[in-house]
Amino acid sequence: MSKQLGSEPLGRFYYGKKTKKRREWRGIRDTLYDYVQWLGTWKILICFMVKPNNLRGFFRYRWMMNYLAVPDFFDRHTEGMRGVQLRMAHVGLGLIVSDVCDMISTIFKADPAIGNDKKLNDKIVLFDENMMSTLMGGFPNLRWLSVEVPAVYSSSMMNQEGVSYYIDRTHGYGVPTDVCPMPAAELGVALADDFPLIGKCAVQCNTTCDGSLMGNGIEATKFKIPTFQLAVPIRHRQESVQEYAKEEIVNAIHFIEEQTGETFDWTAYFESMNRFNMETEELLEWLEISKTDYPQMLGVSLALYRYGVYQAAGGRNQTFLDTDKKLTALAMKGYEEKQMVAVEHRHRCITWGVQAAYYTAFPIWLQNCWGIVPLLDMLSLVSTEMVNTEDKEQSLYDLAYLYENMIMRNRSNGGYETGVEALWRYCEMYRADMVIMYVHIGCKAMAGYHGLFEQEARKRGIHLIWVSHNLMCPQDGSRSDMRTEVNRYMRTVLREEPLDKTLEDVADENAW
Ligand code: SF4
């Protein structure tokens, strides 16, 4: 138990009930830093709860219970970390949590069942949770919000069974049980009347699967506000679809203008996209560092933070750019000091496919237990291109391209080149010798590629480990099942011993 990485067997924290009996000892400096951050998290939660609207919302909406697990969420996502790794996790994820708290406070303020602020409600444009918020940069007087993010997506991350009740509601309604748990949970929240019914109008996207289309359709009937379906082309690599993609973005802008009476503000939009581009530049810095022997901004810290940047903040929030810069400074420090992220860097890996929302801390387990360094994940690569900020026409094309490549669709659609071929290119660029291939069993989007991945990995001598899960439904593939698939491969194929034996088989079915 010292400041050295791996000085404390981490598996011993897992026996017992939901919360841990004591905090992890990381040496005086890091323990103190972590403890102060932990107190800071409690301060955010207490400040949130003392607002009357939020307190009422807590008792009105079942999904709010999941946020009691926020302090545990931080402990899970900083496990075993030291030095700059620990600081980057707290800085990045800390901003995401306070941003979600801010979003929930605004939702409750506008909610007719709670704050009933009609003026605010008239300014809200609801986006579905798979939609990037970026185009709202042109509407500085309006407020972008997504009720599905706090009710479903982050709920499931905070507590592994956070949306099980809603999935059951959907199954009880008659929807088959093999539908992806995400749209199933969203629909369940609508069926249980657990969405705050806010907003002047809504924009939904044609996510790549039938499940999501089904959920969006039924949800729209609950919200009872004008809803626009952004039909983004699926074959996004083809030149011939770009014109149509741009027109759809223009149609969405016109829809928002008509519903709210606002006019798209090009100056504000370009300012917002400039910020967005600067954020992308910071990402590219981190990725450069990840090509070296001392990668720093990686795994879950990279993944969850980047989703917040490109999906939710969308260039409109200066705090995200400031935080990006802080993260770059920390990453540079870690690189210059040759700080390791695990006791040994045994394997350099890329995680591909959709990760389990109920086990976002899985990459940290890979590092601590087996020395597998998760350099990159598929969804962090969603937005790596710059958007034109001078030419209106070109900027609309770039924006359309961004929407075509949104989360859920940029790799699972677009053909062989983006889904399969790109992976090997990244393996080469980042000198990865391993791929953790997530098999989201409720998502058919990548299923057709299975044999191709096997064949190509074998040809290139890359270790390919399939890890099955069901996104938001741990009953179909528990955290323990996911670890077992890695353990088996490491022991039987690679004949390796874990770095931390106590982590190989832990009982976390009762944990948050
Ligand atoms: S994970 Fe797959 S099945 Fe689920 S919503 Fe996304 S694209 Fe659809």
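## Ligand shell

In this predicted model, 15 residues surround the ligand, and those that come nearest are Cys180, Cys209, Ser212, Met408 and Cys443. Two helices, α8 (181-191) and α9 (210-223), each give two or more residues to this shell.

By residue class, the shell around the ligand holds nine nonpolar and six polar residues. No charged residue takes part in the shell.

## Crossing of α2 and α4

Helix α2 spans residues 52-60 and helix α4 spans residues 83-110; their axes come within 9 Å and cross at roughly 90°. An angle from 65 to 115 degrees counts as roughly perpendicular, so α2 is roughly perpendicular to α4.

The contact is made by Asn53, Asn54 and Gly57 on the α2 side, which meet Ser105, Phe108 and Lys109 of α4. In this contact of α2 with α4, four residues are polar, one is nonpolar and one is charged.

## Helix α7

Which residues of helix α7 are buried? In this helix, which covers residues 164-173, they are Tyr166, Ile167, Arg169 and Thr170. Viewed down the axis of α7, the buried residues fall within an arc of 155°, and they therefore line one face of the helix.

The partner of these buried residues is α8, against which they pack. Helix α8 (181-191) is also one of the elements that give two or more residues to the shell around the ligand. Following α7 comes glycine 174, which has a positive phi near 115°.

Methods:
Residues numbered from 1 in each chain as written. Predicted model: local features only at pLDDT ≥ 70, side-chain atom pairs only at ≥ 80, totals over all residues. Near = placed C-beta within 6 Å. Helix = DSSP H or I, 4+ residues; strand = E, 2+ residues; numbered from the N terminus. Nonpolar A, V, L, I, M, F, W, Y, C, P; charged D, E, K, R; others polar. Axes fitted to C-alpha atoms, helices over the stretch in contact; angles between N-to-C directions. Parallel < 35°, antiparallel > 145°, perpendicular 65-115°, else oblique. Contact = placed C-beta atoms within 7 Å. Buried ≥ 20, exposed ≤ 12 C-beta atoms within 10 Å, placed from the backbone. Arc of directions from axis to C-beta.
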